[in-house]
Amino acid sequence: MIEPTIFNILGITILATMIAYSFSPIQPAKQKVISLFPAPISSLLGKLFNCGRCLAFWFSLILFVDLIPSAIAGLLGFIITHIEDRINYWYE
């Protein structure tokens, strides 16, 4: 269990967002691992590992074992994903 400090919450949220969304070198490997599972499990894993706020929430819940910091991490994951979407839209 990790102590839920603001630094740890933000770090886990950024890491989860990178895994789910923005770190492009890991995306093909992530999709390949997800496709190894049967269809119902693959669908659930696809939703989990491609959603920044979902992955931040569950990843922090596993590491912190506390609901409030996990909810904060999920909210921060949503905000970070929203900011990245806005930045990508700006550059299109």
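This report describes the overall form of a protein model and then looks at several of its residues.

The structure is a predicted model, in which local features need pLDDT of at least 70 and side-chain atom pairs count only at pLDDT 80 or more, while totals for chains, interfaces and linings use all residues. Residues are numbered from 1 along each chain as its sequence is written, and side-chain values use heavy atoms, with hydrogens and water left out.

**Overall form**

The secondary structure comes to five helices and zero strands, where helices (H or I, at least four residues) and strands (E, at least two) are DSSP runs numbered from the N terminus. Read from the N terminus on, the elements run α-α-α-α-α. The radius of gyration, taken over C-alpha atoms, is 14 Å, close to the 12 Å that the globule rule (2.2 Å times the number of residues to the power 0.38) gives for 92 residues, so the protein is as compact as a globular protein of that length. Along the principal axes, the C-alpha atoms fill a box of roughly 35 × 35 × 20 Å.

Of the 92 residues, 27% count as buried; buried means under 20% relative accessible area, exposed means over 50%, and partly exposed lies in between (1.4 Å probe, protein chains only). Contact means heavy atoms within 4.5 Å, and among contacts between residues at least 6 apart in sequence, 59% join residues at least 24 apart.

**Residues in the helices and a loop**

The table places five residues and gives the relative accessibility of each.

| Residue | Place | Relative accessibility | Class |
|---|---|---|---|
| Ser22 | helix α1 (residues 6-22) | 34% | partly exposed |
| Ser42 | helix α3 (residues 39-49) | 18% | buried |
| Leu55 | helix α4 (residues 52-64) | 8% | buried |
| Val65 | loop between α4 and α5 | 60% | exposed |
| Ile79 | helix α5 (residues 67-91) | 37% | partly exposed |

Leaving aside neighbours within four places in sequence, Leu55 is in contact with Ala16, Ile19, Ala20, Leu48 and Phe49. Leu55 and Ala20 are 35 residues apart in sequence, and their C-alpha atoms are 7.1 Å apart in space. With the same kind of neighbours left aside, Ser42 is in contact with Ile34, Ser35 and Phe37, and Ser22 with Thr17, Gln27 and Glu84. The C-alpha atoms of Ser22 and Gly52, which lie 30 residues apart along the chain, are separated by 9.3 Å.

Most residues other than glycine have a negative phi. Val65, however, has a phi near 55 degrees, a positive value in a residue other than glycine.

**Aromatic rings and the surface**

Rings of Phe, Tyr and Trp (its six-membered ring) pair if their centres lie within 6.5 Å, and planes under 30 degrees apart count as stacked, over 60 as edge-to-face and the rest as tilted. By this rule the count comes to one aromatic pair. Phe57 and Trp58 form this edge-to-face pair, with 5.1 Å from centre to centre and 80 degrees between the planes. Trp58 counts as partly exposed because its relative accessibility is 46%.

The protein exposes about 6400 Å², of which carbon and sulfur atoms supply 75%, with areas from the Shrake-Rupley method and a 1.4 Å probe. Leu75, Phe78, Ile79, Ile83, Ile87, Trp90 and Tyr91 make a nonpolar surface patch of about 820 Å². Such a patch is made of residues with over 30% relative accessible area and no salt bridge (a side-chain nitrogen of Lys or Arg within 4 Å of a carboxyl oxygen of Asp or Glu), where nonpolar side chains (Val, Leu, Ile, Met, Phe, Trp, Tyr) are joined within 5 Å and like charges within 9 Å.
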